[in-house]
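Open the viewer and keep the selection panel at hand. The stops below go one by one.

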Amino acid sequence: MKYRFTNEADEKKLYEFLSEKIVGLRISVIKRQAKLGEIRVNGLKTRENVKLSAGDYVDIFLPENSLCEPPVEIVYSDENLIIVCKPSEMDTENNLVAALRRSEGDLFPVHRLDRNTQGLVILARDKETESLLVKAIKERKIRKFYRALLYGNFDIKEFTAVAYLVKDEKNSIVKVYRESVKNGKRIETRYKVVEEFYGYSDVEIELVTGRTHQIRAHSSFLGHPVLGDGKYATREIIDKFDYKSQQLKAVRLVFKELNGKLSYLNGKIIEV
């Protein structure tokens, strides 16, 4: 199958553009097709992370079985917002919103999950609600909990870790430091061991701050990377446990101290 699209908007990354245009097209497929030379921008073969300018046209050639739209479970819905369980391999801003648009109309994600992280995502139904929810998250009025399989066992079973995170935009990773550094942003992550096994642990994690790749990078910095994480775990750990995707899921949201039109959510707990 061949598709052709023209970018009518301002500058946008190629993989974001394509995943928005073709519902069910995974980022991994875009990367593969780019490596095979099956994606062209203005007639020229290109990389998957190239930036498009307004007026650029994109051709992409796809095998028949390339489109795979995983089901999105709606966990909670009301007149102001919707909470869904995002599947792994689905981009929040593009794939997820596009998959829901046909049945739910326009939606505005108020926080993000990494593409390879599955679990709960909140989307607002209007811009006012989006603004209120973003503010509530910044003020820690919406608590976010995760479950993860982490490498190794823990001497201390429940603790809070603080460090400093710096984005490396060029290499699409973040780096964590024990002490404050230039351009570093403070991160705080709470850990509670649920169960331990031979060589790894099932851990509940609460994000106190919410930075890019925080759980994955912070856990790796502590010597306990997420199993299956191809970016922050070592090749030795990945090969040893042989998980094909990172073992991290957003499992619980707790609402508290919200004001105004969203005060009815106070005390509500959403879980998967």
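## First stop: N49

Select N49: this residue is partly exposed, with a relative accessible area of 38%. The model is predicted, so local features are read only at pLDDT of at least 70. N49 belongs to the loop that runs between β4 (44–45) and β5 (51–52). Now add E16 to the selection. How far apart are N49 and E16 in sequence and in space? They are 33 residues apart along the chain, and their C-alpha atoms are 8.7 Å apart.

## Zoom out: the whole chain

Show the chain as a cartoon. Six helices and 17 strands make it up. Turn the C-alpha trace onto its principal axes, and the spans come to about 55 × 50 × 40 Å. The radius of gyration is 20 Å. A compact globule of 272 residues would have a value near 19 Å, so the chain agrees with that expectation.

Colour by burial next. Of the 272 residues, 49% are buried. Then switch on the surface. The accessible area is about 14200 Å², and carbon and sulfur atoms account for 45% of it.

Charges come next. Count 48 positive side chains and 41 negative ones. The centres of these two sets lie 3 Å apart.

A contact map is worth a look too. Take the contacts between residues at least 6 apart in sequence: 61% of them join residues at least 24 apart.

## Second stop: E206

Select E206 in strand β15, which covers residues 200–207. Is E206 buried or exposed? E206 is buried, because its relative accessible area of 7% falls under the 20% cut-off.

Show side chains around E206. The side chain of R143 makes a polar contact with that of E206, at 2.8 Å. Beyond residues up to four places away in sequence, E206 touches two runs. One is R143, K144 and F145. The other is E188, T189 and R190.

## Third stop: I215

Move to helix α5, residues 214–221, and pick I215. I215 is buried, with a relative accessible area of 4%. Which residues are in contact with I215, leaving aside neighbours within four places in sequence? Select Y146, Y191, I205, L207 and L248.

Now draw a distance from I215 to L113. The two are 102 residues apart in sequence. In space, the C-alpha to C-alpha distance is 11 Å.

## Fourth stop: two backbone angles

Bring up a Ramachandran plot for this one. Most residues other than glycine have a negative phi. Two residues here have a positive one.

Start with R140. Its phi is near 60°, a positive value, and the residue is not glycine. Where does R140 lie? R140 sits in the loop between α4 (127–138) and β11 (142–151). R140 counts as partly exposed because its relative accessibility is 40%, a value between the 20% and 50% cut-offs.

Then go to S172. S172 also shows a positive phi, about 55°, though it is no glycine. Look for S172 in the loop between β12 (158–168) and β13 (173–177). With 44% relative accessibility, S172 counts as partly exposed.

## Last view

Keep E206 and I215 selected together: E206 is buried, and I215 is buried. Then swap to the loop residues. N49 is partly exposed, R140 is partly exposed, and S172 is partly exposed.

Terms used:
Residues numbered from 1 in each chain as written. Predicted model: local features only at pLDDT ≥ 70, side-chain atom pairs only at ≥ 80, totals over all residues. Heavy atoms only, no water. Helix = DSSP H or I, 4+ residues; strand = E, 2+ residues; numbered from the N terminus. Rg over C-alpha atoms; globule rule 2.2 N^0.38 Å. Buried < 20%, exposed > 50% of the residue type's maximum accessible area, 1.4 Å probe, protein only. Contact = heavy atoms within 4.5 Å. Areas by Shrake-Rupley, 256 points an atom, 1.4 Å probe, with all protein chains shown as cover. Lys, Arg positive; Asp, Glu negative; His and termini not counted. Charge placed at Lys NZ, Arg CZ, Asp CG, Glu CD. Polar contact = N/O pair within 3.5 Å; in protein donor to acceptor, adjacent residues only side chain to side chain.
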